[in-house]
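Colleague: Could you take a close look at one part of this model with me, the sheet and whatever packs on it? Once that is clear, feel free to carry on to the neighbouring topics.

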Amino acid sequence: MITSQRANDSVLRVALDWEVDAIDPPASFGGWNTGRVVQQIFESLYEDDLEDEVASPTRLVPALATSVDISDDGLQYLFRLREDVRFHDGTRFDAEAVRFNIERMWKPDAPQYSPLAADYNRIGLETLKSVEVVGPLAILLTLKEPFPEFLRYMTQEDAPGAHVFISPEALTKLGSSGIADHAPGTGPFRFDSRFSTPFGSGVRLRRNEDYWGGRAKLKAIEFKPYPNLEDRYRALVDGEADLAYGLEGSDLDELVRRGFVVLEGQAPYVWYFIFNMRDPVLSDIRVRHAIAHAVDRDRLSHDIFRGHTAVASGMLPPASPAFDEEYSFPYQYDPNRARQLLTEAGVPTEWRLRIVTANAGSGQLVPVRICEHLAENLEAVGLRAEIVRTEDWVSYCNEWRSGLPEGAGMSQMSWGMSCDMWLQQVLHSMNSSPRGFNAGYYSNSDVDRLLDEARQTTNDKQRCRLYRDAHSLIMNELPVLPMLTLRRGSVCYHPRVKGFRNPRQNWHSFKNVWTDSDI
């Protein structure tokens, strides 16, 4: 058994698949890598229970709030806040701090207002009507309309955006333009420094000795980027890292043989392509259906990822509330059917499908290889394809958010949430880029109506049914092409890592983790 002192001296080294974006969670866009880091530093009023490895979707538990009273009409949320919580700079956390942070993302005439933070967090706060401090440790949020997923949405710390809290004193002093990497949170770890690595900037966190929930067991955490899968795998095997994310497609059986822990489990994740619905060729539903029939997703999962992934059944990801295990993807691999549809659509022989992708990135598997697989399948049915690659992941995210440009036929992304509002976030017409994350400009009034109704429906079963009905319409029209979900290898670690829990989520808590140097 490791001694208490040695546990408190341990440092966890984590291999990520890309650099961490600027650490200002409400205004950063770096994907799950950034979310996995800020999860350790910042907190919201409610959070996922990241110690529960069974619940699907994750259970919601009080964090900076101790409780919430929700009015019968679903319009008022009275939060009771935790006592004796301080930000990392010593500033007291209270109702005024909550108001200050919410107004940064919501109130245009507030001096601390950030248009970027407001943009990234709009989905979660656009129904907010008022914020009222009703006591030093009590705050009342009133909505314009019912939004039963309000609590669950505030747990989504996957960047872009996050409903977490930063020291008002620091934000007032540094401003939105200067707070990045200097933002004090309330979590069990605090930002220490950036450091250079052979593959980009790493991030070091150190323990918050005054954490309200009790001191973490780790003294520090080092997050290091390894964009290449082979480098990330080798870092774990050679002892440069204790834990690694995103090893799907590597030799996981060899890791097991060497004694490493290779985790399996579902997470709210979908790797998908987005069609440009403004393209005159792709606006023909027969062309989109043809592409779906042309791609062999089973072979992609088996040959490239060694079966560590699973083919996606749709755009509702596993471990989300409305996920339907009985639903199956409507378009089986059928090259002959693809050719027939392309002939019926009369696709011009000179037309070329331009596929936009990042070379690598946060939670991206190996995106270029997936794009190459699609291009090979399309050429086999007579459709020419060209892959356009972006080197930097964060730059790609920002370009992707602005929407597919003219001449680009498809882009790719990996995303998903344990909150069904994600379906609205990426496919409702009101969220068409550049105002939102509907990067292919899909618009369907029937889908919009179902998503709007689902958003306000307080009955869980009825809301789930509405999301599934919207999903069926979306899959019939196919503005997006879901490809893969995760199964095995998204997290792997050395047996020296103790206390790690793997909830059905894309990020984890390291508060109760420690490393045993004798192993």
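Modeller: Gln76 is a good place to begin: in this predicted model, Gln76 stands opposite Thr142 of β7. That pair belongs to the ladder between strand β5, residues 76–81, and strand β7, residues 138–143, which run antiparallel to each other and are joined by 5 bridges.

Stepping back to the whole sheet, you will find 4 strands in the order β4-β5-β7-β6, forming an open sheet with antiparallel pairing. The edges are taken by β4 (65–70) and β6 (128–135); each has a single partner strand, so one side of each is left without a neighbour in the sheet. Ignoring direction, neighbouring strands here are turned against each other by 20° on average. Helix α3, residues 95–106, packs on this sheet and touches β5, β6 and β7. The direction of α3 makes about 165° with that of β6.

Now to another strand, β19, which spans residues 488–493. Is β19 mostly covered or mostly open? It is mostly covered, with 5 of its 6 residues buried. Strand β11 (residues 243–245) pairs with β19 in the antiparallel sense over 3 bridges, and strand β12 (residues 261–264) likewise pairs with β19 in the antiparallel sense, over 3 bridges. Have a look at Tyr493 in β19: Tyr493 is the bridge partner of Leu243, and Val261 stands opposite Tyr493 too.

Finally, a helix pair. The axes of α10 (residues 285–294) and α12 (residues 335–345) come within 8 Å and cross at roughly 160°. Because of that angle, α10 is roughly antiparallel to α12. The crossing of these two helices is left-handed. On the α10 side, the residues that meet α12 are Arg286, Val287, His289, Ala290, His293 and Ala294. Their counterparts in α12 are Pro335, Arg337, Ala338, Leu341, Leu342, Glu344 and Ala345. By type, the residues of this contact divide into 8 nonpolar, 2 polar and 3 charged. If you colour the contact by residue type, the histidines His289 and His293 of α10 are easy to pick out, as are Arg337 and Glu344 across from them in α12.

Definitions and conventions:
Residues numbered from 1 in each chain as written. Predicted model: local features only at pLDDT ≥ 70, side-chain atom pairs only at ≥ 80, totals over all residues. Heavy atoms only, no water. Axes fitted to C-alpha atoms, helices over the stretch in contact; angles between N-to-C directions. Parallel < 35°, antiparallel > 145°, perpendicular 65-115°, else oblique. Left-handed = near helix turned anticlockwise from the far one by under 90°. Contact = heavy atoms within 4.5 Å. Nonpolar A, V, L, I, M, F, W, Y, C, P; charged D, E, K, R; others polar. Pairing = 2+ DSSP bridges. Buried < 20%, exposed > 50% of the residue type's maximum accessible area, 1.4 Å probe, protein only.
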